[in-house]
Amino acid sequence: MYRVIFVILIAIILNGCNKPIAQPEGKVIVDSENYLMMPGDYQWKEKDVEIKTLSSLDINGLADAFETLEVGKGDTIKFEIDQNPTSILVTKLNEDGTNDNVEVKDNKLTMPLEDGYYIYVLKATWNKGKETFVFDVNVK
């Protein structure tokens, strides 16, 4: 009986020492409201653990799963990504199938000056991994 209790105690102690790896989340902030961006592909390597997940949806599918935000022409929106990425590249996909790199300043994006539907793809990189986030907007 003592052996069983001892084994269970050791398992609990060892399990408690391992901190789980939490996938970073990203959110867009519009008018003080937070909206979780859709996570896409994700890679992370920490010590002896390596995680790699590929999204089952493409960029358009991820945008469809996100609640499209209504924003005004030239509005500035803010975003936050957990665990302070070392770099963030933002691409805007236009309705005509073209795309543009977007300048990021203080985690803020300026919305286009033209009406339309746009998908934003954020590629965040950390020392331990990378992740893609997607959200979409209707500019009016």
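1. Strands, as named in this note, are DSSP runs of E with at least two residues, numbered from the N terminus, while helices are runs of H or I with at least four. On that footing, Gly-74 sits in the loop that lies between E5 and E6. The model under discussion is a predicted one, and its local features need pLDDT of at least 70.

2. Gly-74 deserves a remark of its own. Its relative accessibility is 28%, so it counts as partly exposed, the class that lies between under 20% for buried and over 50% for exposed. Leaving aside residues up to four places away in sequence, Gly-74 touches Thr-110, Met-111, Pro-112 and Leu-113. With Leu-113 the separation along the chain is 39 residues, yet the two C-alpha atoms are 5.2 Å apart.

3. Turning to the whole chain, the secondary structure amounts to eleven strands and two helices, and the elements follow the order α-β-β-β-β-α-β-β-β-β-β-β-β from the N terminus. Of the 140 residues in the protein chain, 32% are buried. The exposed area of the chain is about 9,500 Å², of which carbon and sulfur atoms supply 50%. Among contacts with a separation of 6 or more, 64% come from residues 24 or more positions apart.

4. The largest nonpolar core holds 24 residues, and the members that touch the most others are Leu-109, Tyr-120, Leu-122, Phe-135 and Val-137. At least two residues of this core come from each of strands E1 (26-30), E3 (38-46), E5 (69-71), E6 (76-81), E10 (116-126) and E11 (129-139). The strand that gives the most is E10, with five residues. There is also a second, separate core of five residues, among them Leu-62, Ala-63, Ile-119 and Val-134.

5. How is E10 placed relative to its surroundings? Eight of its eleven residues are buried, so this strand is largely enclosed by the rest of the structure. E10 runs antiparallel to E7 (residues 87-93), to which seven bridges join it, and in this pairing Ser-87 stands opposite Thr-125. E10 is also antiparallel to E11, here with eleven bridges, and Lys-123 faces Thr-132 of E11 in that pairing. Two residues lie between E10 and E11, and the two strands form a hairpin.

6. The rule for aromatic pairs yields a count of four. One of the pairs joins Tyr-120 and Phe-135, which are stacked, with 5.2 Å from centre to centre and 10 degrees between the planes. Because Tyr-120 belongs to strand E10 and Phe-135 to strand E11, this pair ties together parts that are 15 residues apart in sequence. Elsewhere, ring pairs link Tyr-42, Trp-44 and Trp-126 into a cluster.

7. Are Tyr-120 and Phe-135 buried or exposed? Tyr-120 has 0% relative accessibility and therefore counts as buried, and Phe-135, also at 0%, counts as buried as well; the cut-off for that class is under 20%.

8. The contacts of Tyr-120, apart from residues up to four places away in sequence, are worth setting out in full. Tyr-120 touches Val-90, Thr-91, Lys-92, Val-102, Leu-109, Thr-110, Met-111, Pro-112, Phe-133, Val-134, Phe-135 and Val-137. Thr-110, Met-111 and Pro-112 are also among the residues touched by Gly-74, while Leu-109, Phe-135 and Val-137 are among the members of the largest nonpolar core that touch the most others.

Note on methods. Residues numbered from 1 in each chain as written. Predicted model: local features only at pLDDT ≥ 70, side-chain atom pairs only at ≥ 80, totals over all residues. Heavy atoms only, no water. Core = buried A, V, L, I, M, F, W, Y, C linked by side-chain atoms within 4.5 Å. Buried < 20%, exposed > 50% of the residue type's maximum accessible area, 1.4 Å probe, protein only. Contact = heavy atoms within 4.5 Å. Pairing = 2+ DSSP bridges. Areas by Shrake-Rupley, 256 points an atom, 1.4 Å probe, with all protein chains shown as cover. Phe/Tyr/Trp six-rings, centres within 6.5 Å; stacked < 30°, edge-to-face > 60°.
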